Amino acid sequence: RPGTARAADKKPAGEPKSKPAGTLKKSASDSCLKRNFVAENAKQAKVTPMRVDPVKMHDRRAAKKKENVSKSYQRGVVPDYLKERVTQWKEEEKQRIANLPDPTVPEGHVVMDNREKEETLSVLAKSREKLLVQLQNMPLRNDTLRLHNTRNELESKLAEIDDAIKIFSRPRVFIKQE
């Protein structure tokens, strides 16, 4: 109420209250000026563990692995394990080819060994010589039946031996398996 003493004591609402002479009110901006945010952030960064994105971590590991591999890699040199593998493949191929049946050999037959073939030819040649000697020692006249039959036997044996020599003189001789 105007005119009362109490109303005079009161100050209008728009005026600021007076403060004691020695104290100033600290505003929010004043307290911010005194804090060292850089130092606080540095301390906080040392204490807090660093979070790493898993994708970036994988990329780092892959890059490190690639770097290690590239140090040991020698450009233009074939590794030893590949050389060994190639020789192994060649050996396996040779064995496979060796174990394949020969398409030129008839079924149920085997190719005769050259050493055996030469031995057989030498035996046949010796027996042929013996038969020729016996045939030459026979008389020219065939008066008797016995002489006639003997001469025919010798000539037929000689023809068989000549056929056998002809067979064993071929480059490949096949023997029937039993």
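**Entry 1: Ile165**

Leaving aside its neighbours within four places in sequence, which residues is Ile165 in contact with? I put this to the model, which is a predicted one. I found four partners under that condition: Leu121, Leu124, Ala125 and Arg128. I then located Ile165 itself, and it lies in helix H7. For Ala125, I looked up two separations from Ile165: 40 residues in sequence, and 7.7 Å in space from C-alpha to C-alpha. I also asked whether Ile165 is buried or partly exposed. Its relative accessible area is 22%, and buried requires under 20%, so I entered Ile165 as partly exposed.

**Entry 2: Ile161**

I moved to Ile161, which is also found in helix H7. Here the relative accessible area is 12%. That value is under the 20% cut-off, so Ile161 is recorded as buried. With neighbours within four places in sequence left aside, I noted contacts from Ile161 to Leu124, Ser127, Arg128 and Leu131. I also looked up Leu121, which stands 40 residues from Ile161 along the chain; their C-alpha atoms are separated by 9.8 Å.

**Entry 3: Leu124 and helix H6**

I next took the view from Leu124. Apart from neighbours within four places in sequence, Leu124 is in contact with Ile161, Ala164, Ile165 and Phe168. Which residues of H6 are buried? My list reads Lys117, Leu121, Leu124, Leu131 and Leu135. I recorded that these buried residues pack against H7.

I then checked the length of H6. The helix has 24 residues, and its first and last C-alpha atoms are 35 Å apart. This is close to the 34 Å expected at 1.5 Å a residue.

**Entry 4: The largest nonpolar core**

How many residues does the largest nonpolar core have? I found 12. Its members are Met112, Leu121, Leu124, Leu131, Leu135, Met138, Leu154, Leu158, Ile161, Ala164, Phe168 and Val173. I asked next which elements give two or more residues to this core, and they are H6 and H7. H7 supplies the largest share, with five residues. Ile161, the buried residue of my second entry, is one of the core members.

**Entry 5: Salt bridges**

I searched the whole structure for salt bridges and found five. I followed three pairs in detail.

The side chains of Asp162 and Arg128 form a salt bridge with an N to O distance of 2.5 Å. This pair links distant parts of the chain, since Asp162 belongs to helix H7 (residues 145-168) and Arg128 to helix H6 (residues 114-137), 34 residues apart. Asp162 has a relative accessible area of 31% and is therefore partly exposed. Arg128, at 28%, is partly exposed as well. I noted that Arg128 also appears among the contacts of Ile165 and among those of Ile161.

Glu93 and Arg96 form another salt bridge, at 2.5 Å from N to O. Where do these two residues lie? Both are in helix H5 (residues 80-99), three residues apart, which is about one turn of the helix. Glu93 counts as partly exposed at 35% relative accessibility, and Arg96 counts as partly exposed at 44%.

A further salt bridge joins the side chains of Glu40 and Arg35, with 3.0 Å from N to O. I entered Glu40 as partly exposed because its relative accessibility is 34%. Arg35 is likewise partly exposed, at 46%.

**Entry 6: A nonpolar patch on the surface**

I turned to the surface and recorded a nonpolar patch formed by Val78, Tyr81 and Leu82. Together these residues have about 300 Å² of accessible area. Tyr81 is found in helix H5, the helix that also holds Glu93 and Arg96. Is Tyr81 buried or exposed? Its relative accessibility is 58%, and exposed requires over 50%, so Tyr81 counts as exposed.

**Entry 7: The whole protein**

I closed with the overall figures. The protein has seven helices and two strands, and I read their order along the sequence as α-α-α-α-α-β-α-α-β. Of its 178 residues, 8% count as buried. The protein exposes about 16900 Å², and carbon and sulfur atoms supply 56% of that area. Finally, I considered contacts between residues at least 6 apart in sequence, and 67% of them join residues at least 24 apart.

Technical notes:
Residues are numbered from 1 along each chain as its sequence is written. This is a predicted model: local features need pLDDT of at least 70, side-chain atom pairs count only at pLDDT 80 or more; totals for chains, interfaces and linings use all residues. Side-chain values use heavy atoms; hydrogens and water are left out. A salt bridge is a side-chain nitrogen of Lys or Arg within 4 Å of a carboxyl oxygen of Asp or Glu. Buried means under 20% relative accessible area, exposed over 50%, partly exposed in between (1.4 Å probe, protein chains only). Helices (H or I, at least four residues) and strands (E, at least two) are DSSP runs, numbered from the N terminus. Contact means heavy atoms within 4.5 Å. Patches are made of residues with over 30% relative accessible area and no salt bridge: like charges are joined within 9 Å, nonpolar side chains (Val, Leu, Ile, Met, Phe, Trp, Tyr) within 5 Å. Accessible areas come from the Shrake-Rupley method with a 1.4 Å probe; for residues, only the protein chains shown count as cover. A nonpolar core is a set of buried Ala, Val, Leu, Ile, Met, Phe, Trp, Tyr and Cys residues joined through side-chain atoms within 4.5 Å. The expected span of a helix is 1.5 Å times one less than its number of residues.
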